[in-house]
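This briefing covers helix packing and empty space in one protein model. Please have the sequence and the coordinates at hand while reading.

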Amino acid sequence: MLFNSLEFLIFFPIVLVVHYALPPRHRWVFLLAASYVFYAAWQPLYSGLIVVSTVVDYVVAGRIEQTRSRFWRRAWLAVSLTANLGMLFAFKYYNWINGTFAAWLGADWPLPELDLVLPVGISFYTFQTLSYTVDVFRGEQKREAHFGRFALYVAYFPQLVAGPIERASRLLPQLERPRPFDWMRIHSGLRLAAWGLFKKVVVADRLAEVVDLVYADPGSFGGFAHVVAIVFFSTQIYCDFSGYSDIAIGVARMLGVDLMKNFDQPYLARSIGVLWSRWHISMTTWFRDYVYRPLGGSRVGAWRYAGNVLIVMVLSGVWHGARWNLVLWGCLHAVLLVSERWGRPFWLSVCETLGLSTRPVLRAFVEWSWTYGIWLVTLVFFRAASLGDVTIVLTQLTTAWDAFGHLDPLLSLLRRWHLDGLLFAYCLLLGPLVELVEYAIRDERLRVWIDRWSTPVRWARDYALIVAILVFGNFNDTPFVYFQF
């Protein structure tokens, strides 16, 4: 079931009303049933995978907490890792790796391809259950004795299929102690969910129409078209995924649960490291806590630190999809992160030499331009369907710039994209519009000022957002991009 579907528009109000109509001690039963219905609406058969993951980690956590033997504690942790990562490997990576070996060895390769569909959200709920088991193993989290509430923690529908990836220490206590009905939470949650829906159906899905046309046949478009497409894609991927997160956080808030913030205006960052600290925060902190720090983090020698960053970023690339260009995308970001750390003294000396240290606004603009520009380049590797397409895009960047500054070639290009001049200008303004609104939401002084608006003005603002969604939204039930991860 998609957040941007008619089914969810019917499903959620029913869930909200019944949830608050029930006594608090019985709400978990209803929410668990609603969560399974939400997931089964996509593919009932694959709901069994969530049940398997839930049962395995519930049993394993109990065994880990009950035994004092270091050997058996590690053995039980290995059971959880094998079961969860094994399912993830089978559905997400087996055909990719098997196809790679088959391409190398040809007819001599004996293993067949599996006819499997990637289950929606498997990467998210797998990581969520693994974090619980590891925290119990480390002694940082008490085992949840109530199986039903633990099952709800795993399958909680607002963030089930695309995060945020919640930790048990945050989510379980909220599920165990339901909040009473609060009109202010309903209002603020509804407003945040509406803003997320705006980002998805008005911004992301509109820009996706151009991006998909270009990347469906990258060789037929020139440099100007590819630059526009990758700028549009940067806005699309951000609005699509952060839009989902906003809807999830808003929906959960209406149900009395506070989910973690998942995005913090990453495109205003002035370094790749800061950008990553603001992008998909629940995933980056997951890799930090369960991969990077156990490897030694930055508390090791220079080259081992570089290796740790490389491992984390390659795993991040592979987590996003079973494609070699995503592995290369992860490698590129590892190089960028290590280079930023090692090259910091050099950059500071450059700032001193050029006088940027005494011109903070100019320095900020230079650092932002570099960060966003290099992010756009790496997004080519992320968006392209294959390494071959990456090569085509990078080659085409040097060709066909006549549409830039010449009316007739530009109009011809716009016709291929099914746009006119006004609609193209509208698309160009969508990204800055989103950043301005989110800056106002993020800045405490502006937020306080906005909250002081009179009631009629605030209601007019909220109704204007709803009207914009209804008038400009794309309601073709387009899946969220991160569903495939």
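The notes below go through three helix pairs, then the pockets, then the cavities.

The model is predicted. Helix α6 (residues 147–155) packs against α2 (residues 27–40) with the axes 9 Å apart, and against α3 (residues 47–66) with the axes 10 Å apart. The largest pocket has a volume of about 1200 Å³, and the second largest has about 960 Å³. The largest cavity holds about 80 Å³ of space.

**Helix α2 against α6**

- The angle between α2 and α6 is about 40°, and the two helices are therefore oblique to each other.
- The crossing of α2 over α6 is left-handed.
- On the α2 side, the contact is made by Trp28, Leu31, Leu32, Ser35 and Tyr36; on the α6 side, by Gly148, Arg149, Ala151, Leu152 and Ala155.
- Sorted by class, the residues of this α2 and α6 contact are seven nonpolar, two polar and one charged.

**Helix α3 against α6**

- Helices α3 and α6 pack at about 130°, and so they are oblique to each other.
- The crossing of α3 and α6 is right-handed.
- Ile50, Thr54, Val55, Asp57 and Tyr58 of α3 are in contact with Phe147, Phe150, Ala151, Val154 and Ala155 of α6.
- The contact of α3 with α6 comprises eight nonpolar residues, one polar and one charged.
- Ala151 and Ala155 of α6 appear in the contact with α2 and also in the contact with α3.

**Helix α4 against α12**

- Helix α4 (residues 70–105) and α12 cross at roughly 100°, and their axes come within 10 Å.
- That angle makes α4 roughly perpendicular to α12.
- Lys92, Tyr93 and Trp96 from α4 meet Val318, Trp319 and His320 from α12.
- By class, four residues of the α4 and α12 contact are nonpolar, one is polar and one is charged.

**Largest pocket**

- The volume of the largest pocket is about 1200 Å³.
- Its lining counts 39 residues, and those closest to the pocket centre are Leu192, Trp195, Val437, Glu438 and Ile441.
- Two or more lining residues come from each of α8 (183–216), α9 (223–254), α18 (421–442), α19 (444–451) and α20 (455–472).
- Helix α18 gives the most to this lining, with eight residues.
- The lining of the largest pocket divides into 21 nonpolar, five polar and 13 charged residues.

**Second largest pocket**

- The second largest pocket has a volume of about 960 Å³.
- There are 30 residues in its lining, with Ser271, Gly273, Val274, Leu337 and Glu340 the closest to the centre.
- At least two lining residues are supplied by each of α10 (272–278), α11 (281–292), α12 (302–320), α13 (324–342), α14 (344–354) and α15 (360–383).
- Helix α11 gives the most to the lining of the second largest pocket, with seven residues.
- In the lining of the second largest pocket, 15 residues are nonpolar, nine are polar and six are charged.
- Helix α12 thus takes part in the lining of the second largest pocket and in the contact with α4.

**Cavities**

- The model has three cavities of 30 Å³ or more.
- About 80 Å³ of space lies in the largest cavity.
- The largest cavity is lined by 13 residues, of which His19, Leu31, Gln174, Leu175 and Pro178 are the closest to its centre.
- Helices α2 and α7 (168–176) each provide at least two residues of this lining.
- Helix α2 gives the most to the lining of the largest cavity, with three residues.
- By class, the lining of the largest cavity consists of eight nonpolar, three polar and two charged residues.
- Leu31 is among the residues closest to the centre of the largest cavity, and is also one of the α2 residues that meet α6.

Methods: Residues are numbered from 1 along each chain as its sequence is written. This is a predicted model: local features need pLDDT of at least 70, side-chain atom pairs count only at pLDDT 80 or more; totals for chains, interfaces and linings use all residues. Side-chain values use heavy atoms; hydrogens and water are left out. Axes are lines fitted to C-alpha atoms, for helices over the stretch in contact, and angles run from 0 to 180 degrees between N-to-C directions. Helices (H or I, at least four residues) and strands (E, at least two) are DSSP runs, numbered from the N terminus. Angles under 35 degrees count as roughly parallel, over 145 as roughly antiparallel, 65 to 115 as roughly perpendicular and the rest as oblique. A crossing is left-handed if the near helix is turned anticlockwise from the far one by less than a right angle, and right-handed if clockwise. Contact means heavy atoms within 4.5 Å. Ala, Val, Leu, Ile, Met, Phe, Trp, Tyr, Cys and Pro count as nonpolar, Asp, Glu, Lys and Arg as charged, and the others, Gly among them, as polar. On a 1 Å grid over the protein atoms alone, a cavity is a set of points where a 1.4 Å probe fits but cannot get out, and a pocket is an open set with protein on both sides within 12 Å along at least five of seven lines; lining residues have an atom within 4 Å of a point. Grid points are joined across faces, edges and corners, and a volume is the space filled by probe spheres set on the points.
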